[in-house]
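Colleague: I should like to discuss the overall form of this protein and the empty space inside it. Please set out the basis of the model as well.

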Amino acid sequence: MAISTDYRDNRKAAYQQYAVVSDFNACRLPDHVKSTDAAPLGVAFVAAALALGICMGVDFGRCSGARGPNLLRTVHSLPRDALPKDIQKECFDSITESDGAKSGDWIAIWGGKDIDTLCYRNNTLITLGSSASGCCAVQLAKLVGLKVIAIIDVACNGERMLKHGADLLVDRCDPDRAVEIVKGITKGKLRFGLDTRGKDSAKLLASVMQSASESSESRAHLVGLVGIPKEPIDGVVYHSVPIKSFHEAPAVGEGLTIWLEKLLDQNLLHTPDIEVAAGGLEGINAALDRLRDGSVNGPRIVVPIKV
């Protein structure tokens, strides 16, 4: 499986017959995992792992089962200029190892839409698999002993999140009530949050974490996959996932891909639900149209390409 986070290098992009991948970004799939099942996993896994490992300081070396890397320690061992300037602050200055999430801590994950979000950037169509990242984040958080609150559309996705190990499901259909439930369950001590939906829900999640920051010397940490609130909140640190570290730092990329191979080999990570579309390269636009009109609810669309 070739995991491409380097979107500016068209050689590594999807939607083409052949693609190039750096050796440290390539993952060997075990025999029991089909390539179609693994197809939507790559970037979702990387985003979830970086959000937890770098932004929240989770040490995956403490995982039950397949032990993973301590990503924060890995990036801190690099020279600062080994990483692009726009992610240096996130990687080196946003959290200390002692302030990171530990086993027994609560984390709230506010789920995004059930289909990929489509956006245009520099005239290029990009798909953001935010809900797949949320599913990966739940599973990885449980492997290190975190207690997970999933704020989602319970009717549509509750069964899936329970399968992934979520400790508590909170329906997002009434956001204000969802906030009150999370406050009550965590008793005002929620220090870690991941939003995969947008700035509005990230702001609500930050409001829950504010009470935690006021009652503790430790800061709270909120990661926004889609966006972060404009208004700062005292004691709450906003994070953006340093996705470039995966392809710019071989130590980070290789550490994650080797760990992913172990997780898949030992059945410790579920691949996202998929729907296989027909048509090869010529069928991609039709698949994207189905994402736009909302006719796909839940599964990822995988388009096999015959070479």
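The exchange below takes up the chain and then its largest cavity.

Modeller: This is a predicted model, in which local features need pLDDT of at least 70 and side-chain atom pairs pLDDT 80 or more, while totals for chains, interfaces and linings use all residues. Residues are numbered from 1 along each chain, and side-chain values use heavy atoms, without hydrogens and water.

Colleague: What is the radius of gyration of the protein chain?

Modeller: The chain has 11 helices and 10 strands (DSSP runs, H or I of at least four residues and E of at least two, numbered from the N terminus). The globule rule (2.2 Å times the number of residues to the power 0.38, with the radius taken over C-alpha atoms) gives 19 Å for 307 residues. The chain is close to that value and so as compact as a globular protein of that length, its radius of gyration being 19 Å.

Colleague: Which element gives the largest share of the lining of the largest cavity?

Modeller: A cavity is a set of points on a 1 Å grid over the protein atoms alone where a 1.4 Å probe fits but cannot get out, and lining residues have an atom within 4 Å of a point. Of the 14 residues lining the largest cavity, the closest to its centre are Cys135, Arg160, His164, Pro272 and Asp273. Two elements, α6 (154–164) and α5 (130–143), give two or more residues to this lining. The largest share, five residues, comes from α5.

Notes
1 Å grid on protein atoms, 1.4 Å probe; cavity = no way out; pocket = protein on both sides within 12 Å on 5 of 7 lines; lining within 4 Å.
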